[in-house]
Amino acid sequence: MPKQYCVGAVEKAIKILNFLAEHPDSSFSEIFTALELSKSTTYQTLSTLEMFHYVERLDNRQYRLAMGILPLLRGIPKQNDIVECVRGPLTKLADETRFSVHFCILDAGSAICVFKAENGNISIRTTSVGRPLTLHSSAAGKALMAWLPAEQLEQYLSRIDYTPFTDSTITTREGYLEELRKTRERGFSVDYGEGTKGVLGIGVPVYRGNDLMGAISIGTVVTDSSMEEYERIAGQMKKSAQEIEQNLVRP
């Protein structure tokens, strides 16, 4: 979604919630420093979230997510079902590859991470559950877009603003369409430091029957690995995709 449609106060609140999800029991200074927010904005936003019981302030003046968030989860039963289907295969994949592993779905013009598994060897801090990933610069986004039917693809293409995040980011529609063609040709997507410098991503699609349902992506540090190594990793990911697809058809 183009930046001009974002409401600043809401964006800051969401950033704080995402930060506390990744870093529970954080102090006031840790929050505004990490998110590069002013002290006044951070204080006002935290006070509002606390009033609605989305965050709580502890006796030691640290903050964490509060129970008020839990009722929101009842509104996404479909995603909860998906999480249970992907949990086993993707936890196993994270253990086997030693990478961060994500499952993402298309939602509101972004790839939304609904599950993340980490082995502890390599952790990618730029991703977390609930955080949107851009379609043009993430492996998950590319995997989701590459296999969309033409009509749906066009709808999502119209929402991409091709914001450059690194020197490697694709910044034109033509360049992105060519990347999607290459993705379909090789059978998996690659993000070579396009969203975050130094981070490599690989993505593969997951289907429910004939319908594209989501994408698996892995994240690790960029290395000098060859395309053959990427293909080997993608092969492991495709096996996990098959396991998930089998879980989805079970009653």
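These are my notebook entries on a predicted model, covering a surface patch, a helix and a sheet.

Entry 1, the patch. I looked for nonpolar residues at the surface and found a patch formed by Val7, Val10 and Ile14, with an area of about 260 Å². I then took up Val7 on its own. I placed Val7 in the segment before α1, a helix that covers residues 8-22. Is Val7 buried or exposed? I noted Val7 as exposed, because its relative accessible area is 52% and the cut-off for exposed is over 50%. I also checked Val7 against Trp147: the two are 140 residues apart in sequence, and their C-alpha atoms are 32 Å apart in space.

Entry 2, helix α9. I found 23 residues in α9, running from 227 to 249. From first C-alpha to last, α9 reaches 33 Å, close to the expected 33 Å at 1.5 Å a residue. Which residues of α9 are buried? I listed Tyr230, Ile233, Ala234, Met237, Ser240, Ala241, Ile244 and Leu248. I set a general point beside this list: an α-helix has 3.6 residues a turn, so residues three or four places apart point the same way.

Entry 3, the sheet. I traced an open sheet of six strands in the order β6-β5-β4-β9-β8-β7, and its pairing is antiparallel. I marked β6 (132-133) and β7 (189-192) as the edge strands, since each pairs on one side only. Within the sheet I followed one pair, β4 (residues 100-107) with β9 (residues 211-221), which is antiparallel over five bridges. Which residue of β9 is the bridge partner of Val101? I found Ile218 there.

Technical notes:
Residues are numbered from 1 along each chain as its sequence is written. This is a predicted model: local features need pLDDT of at least 70, side-chain atom pairs count only at pLDDT 80 or more; totals for chains, interfaces and linings use all residues. Side-chain values use heavy atoms; hydrogens and water are left out. Patches are made of residues with over 30% relative accessible area and no salt bridge: like charges are joined within 9 Å, nonpolar side chains (Val, Leu, Ile, Met, Phe, Trp, Tyr) within 5 Å. Accessible areas come from the Shrake-Rupley method with a 1.4 Å probe; for residues, only the protein chains shown count as cover. A salt bridge is a side-chain nitrogen of Lys or Arg within 4 Å of a carboxyl oxygen of Asp or Glu. Helices (H or I, at least four residues) and strands (E, at least two) are DSSP runs, numbered from the N terminus. Buried means under 20% relative accessible area, exposed over 50%, partly exposed in between (1.4 Å probe, protein chains only). The expected span of a helix is 1.5 Å times one less than its number of residues. Two strands pair if DSSP finds at least two bridges between them.
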